[in-house]
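This note is addressed to a colleague who is meeting the structure for the first time. Its points are numbered so that each can be checked in turn.

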Amino acid sequence: MGDKPLRIILAEDDGDDRLLFGEALHELGKNVHLVVADNGIKLMEILNGMDELPLMVFTDLNMPLKDGIDAVRDIRNEERFKTLPVVVFSTSYDVAVAEKLRQLGATNYFLKPNAFNDLKSVIGLAIDIVTDPETSTSTSFVLNA
């Protein structure tokens, strides 16, 4: 991949969570250009405006205007985004919601950890699954730190 930064989109309506996500990426030592949307509508505007697709999308489940479920549905309905990895996260875990996300084509789902190091671990795991699937040890849809 060279020196070109990995482009990742984060859709998250909470400013503090956006900061923590960015700090976790920084501490992981990944060469990442993070593009941020504060809701699912902005996420789709950003994606549709890109000439080159990002490495992956992380989206919060519960956001105003368009939530994570609708964002995954919209992403998978666009032919050019069919294989784009989409990781959904939430502050609460619901088996039915996780199954719906899996059926809609989300790549992974995780519960937002309370501890920063756990957040860093789960973000790193999600990125590793995409960037190096042969060596990734996770085959689970639901990621845990």
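1. Tyr109 is buried, since its relative accessible area is 0%. The model in which this value was computed is a predicted one. Tyr109 is placed in strand S5, and its ring partner Tyr93 is in the loop between S4 and H4, 16 residues apart from it.

2. The search for aromatic pairs gives a count of three. One of them joins Phe89 and Phe110, whose ring centres are 5.5 Å apart with planes at 25°, so this pair is stacked. Phe89 belongs to strand S4 (residues 86–90) and Phe110 to strand S5 (residues 108–111), and the pair thereby links distant parts of the chain, 21 residues apart. Phe89 is buried at 3% relative accessibility, and Phe110 is buried with a relative accessible area of 1%. The rings of Tyr93 and Tyr109 also have their centres 5.5 Å apart, but their planes stand at 50°, so that pair is tilted.

3. Tyr93 is partly exposed, at 40% relative accessibility. Together with Val95 and Leu111, Tyr93 makes a nonpolar surface patch of about 280 Å². Val95 is part of helix H4 (residues 95–104) and is exposed, its relative accessible area being 58%.

4. Which residues are linked in a network of salt bridges? The members are Glu12, Asp17, Asp60 and Lys112. In general, side chains of opposite charge can pair when their charged atoms come close. Over the whole structure, nine salt bridges are found.

5. Within this network, the salt bridge between Glu12 and Lys112 has its closest N and O atoms 3.0 Å apart. Glu12 sits in the loop between strand S1 (6–11) and helix H1 (15–28), and Lys112 in the loop between S5 and helix H5 (116–131), so the pair ties together parts that are 100 residues apart in sequence. Glu12 is buried at a relative accessible area of 2%, and Lys112 is likewise buried, at 16%.

6. Asp17 and Lys112 also meet in a salt bridge, with an N to O distance of 2.8 Å. Because Asp17 lies in helix H1 and Lys112 in the loop between S5 and H5, this pair ties together parts that are 95 residues apart in sequence. Asp17 is partly exposed, at 24% relative accessibility.

7. Asp60 deserves separate attention. Asp60 lies in strand S3 (residues 56–60) and is buried, with a relative accessible area of 5%. Neighbours within four places in sequence being left aside, the residues in contact with Asp60 are Ala11, Glu12, Asp13, Gly68, Phe89, Ser90 and Lys112. The unreviewed UniProt entry places the feature "modified residue: 4-aspartylphosphate" at Asp60.

8. A further salt bridge joins the side chains of Lys66 and Asp74, at 2.2 Å from N to O. Is each partner buried or partly exposed? Lys66 counts as buried, at 17% relative accessibility, whereas Asp74 is partly exposed, at 23%. The cut-off that separates these two classes is 20% relative accessible area.

9. As for the overall annotation, the unreviewed UniProt entry places the feature "domain: Response regulatory" at residues 7–127. In the model, the end C-alpha atoms of that span lie 11 Å apart. The span is 45% helix and 21% strand.

How values were computed: Residues are numbered from 1 along each chain as its sequence is written. This is a predicted model: local features need pLDDT of at least 70, side-chain atom pairs count only at pLDDT 80 or more; totals for chains, interfaces and linings use all residues. Side-chain values use heavy atoms; hydrogens and water are left out. Helices (H or I, at least four residues) and strands (E, at least two) are DSSP runs, numbered from the N terminus. Buried means under 20% relative accessible area, exposed over 50%, partly exposed in between (1.4 Å probe, protein chains only). Contact means heavy atoms within 4.5 Å. UniProt positions are given in the numbering used here, feature names are shortened, and annotations may be inferred rather than shown by experiment. Patches are made of residues with over 30% relative accessible area and no salt bridge: like charges are joined within 9 Å, nonpolar side chains (Val, Leu, Ile, Met, Phe, Trp, Tyr) within 5 Å. Accessible areas come from the Shrake-Rupley method with a 1.4 Å probe; for residues, only the protein chains shown count as cover. A salt bridge is a side-chain nitrogen of Lys or Arg within 4 Å of a carboxyl oxygen of Asp or Glu. Rings of Phe, Tyr and Trp (its six-membered ring) pair if their centres lie within 6.5 Å; planes under 30 degrees apart count as stacked, over 60 as edge-to-face and the rest as tilted.
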